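Please load the model in the viewer and keep the sequence panel open. The tour proceeds from the whole chain to a pair of side chains.

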Amino acid sequence: MTIEPRIANPAGLLPDAVKAVNLLYKAAHSAGVPQSTLELVHLRASQINGCSACVDSGARAMRKAGETDDRLFAVAVWRETPYFTDAERAALALAEAATRLADRADAVPDDIWAEAARHFGEKELAAIVLWIATTNFFNRINATTRQPAPQNWG
């Protein structure tokens, strides 16, 4: 089945949006958080939101960067696998809570925040939160407009 987008990607239709997205990307990726951690956060939030374009491109980019299949295949069930560090687990838990804001009265419980703060400094936490928000931004655009996963992968 081929998914047809409802409209062209909004970032392409509104070029000033690309500038803003590039600034968010640069800010989130400049705070010293390992690239692999940010990629895991991006992939997990995208899985939760059902963003096929981001799941597909995120997993492919991670594999290209040397990520193992064991870790890629286990992101959706990260709690039940031995493949992630304690810091990565804390970032994944934060990503899930910040993506599912309406699922509980205390959207990001203190214990999830405290565990993340145990592994990351304030600037790194800011970058992770910004990257989670940016990922959710991408996911909502892509899911709303039905942007398909790329079909031209080699």
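Begin with the cartoon representation of this predicted model. The protein chain contains 8 helices and 0 strands; followed from the N terminus, its elements read α-α-α-α-α-α-α-α.

Next, reduce the display to the C-alpha trace. Along its principal axes, this trace of the protein chain extends over about 40 × 35 × 30 Å. The radius of gyration of the protein chain is 16 Å, which agrees with the value near 15 Å expected for a compact globule of 154 residues.

Now restore all heavy atoms and inspect the packing. Of the 154 residues in the protein chain, 37% are buried. Among contacts with a separation of 6 or more, 65% are between residues 24 or more positions apart.

Switch to the surface representation. The protein chain exposes an accessible surface of about 8800 Å², and carbon and sulfur atoms contribute 58% of that area. Then colour by charge: the protein chain carries 16 positive and 18 negative charges, whose mean positions lie 6 Å apart.

Finally, select Cys51 and Cys54 and display their sulfur atoms. How many disulfides are there? The count is 0. For Cys51, the nearest cysteine sulfur is that of Cys54, at 3.4 Å, and Cys51 is in no disulfide. Cys54 likewise takes part in no disulfide, its nearest cysteine sulfur being that of Cys51. The cut-off for a disulfide is a pair of cysteine sulfur atoms within 2.5 Å, and therefore the 3.4 Å between these two sulfurs does not qualify.

Keep the selection and add the surface once more. Cys51 is buried, with a relative accessible area of 2%, and Cys54 also counts as buried, at 6% relative accessibility.

Terms used: Residues numbered from 1 in each chain as written. Predicted model: local features only at pLDDT ≥ 70, side-chain atom pairs only at ≥ 80, totals over all residues. Heavy atoms only, no water. Helix = DSSP H or I, 4+ residues; strand = E, 2+ residues; numbered from the N terminus. Rg over C-alpha atoms; globule rule 2.2 N^0.38 Å. Buried < 20%, exposed > 50% of the residue type's maximum accessible area, 1.4 Å probe, protein only. Contact = heavy atoms within 4.5 Å. Areas by Shrake-Rupley, 256 points an atom, 1.4 Å probe, with all protein chains shown as cover. Lys, Arg positive; Asp, Glu negative; His and termini not counted. Charge placed at Lys NZ, Arg CZ, Asp CG, Glu CD.
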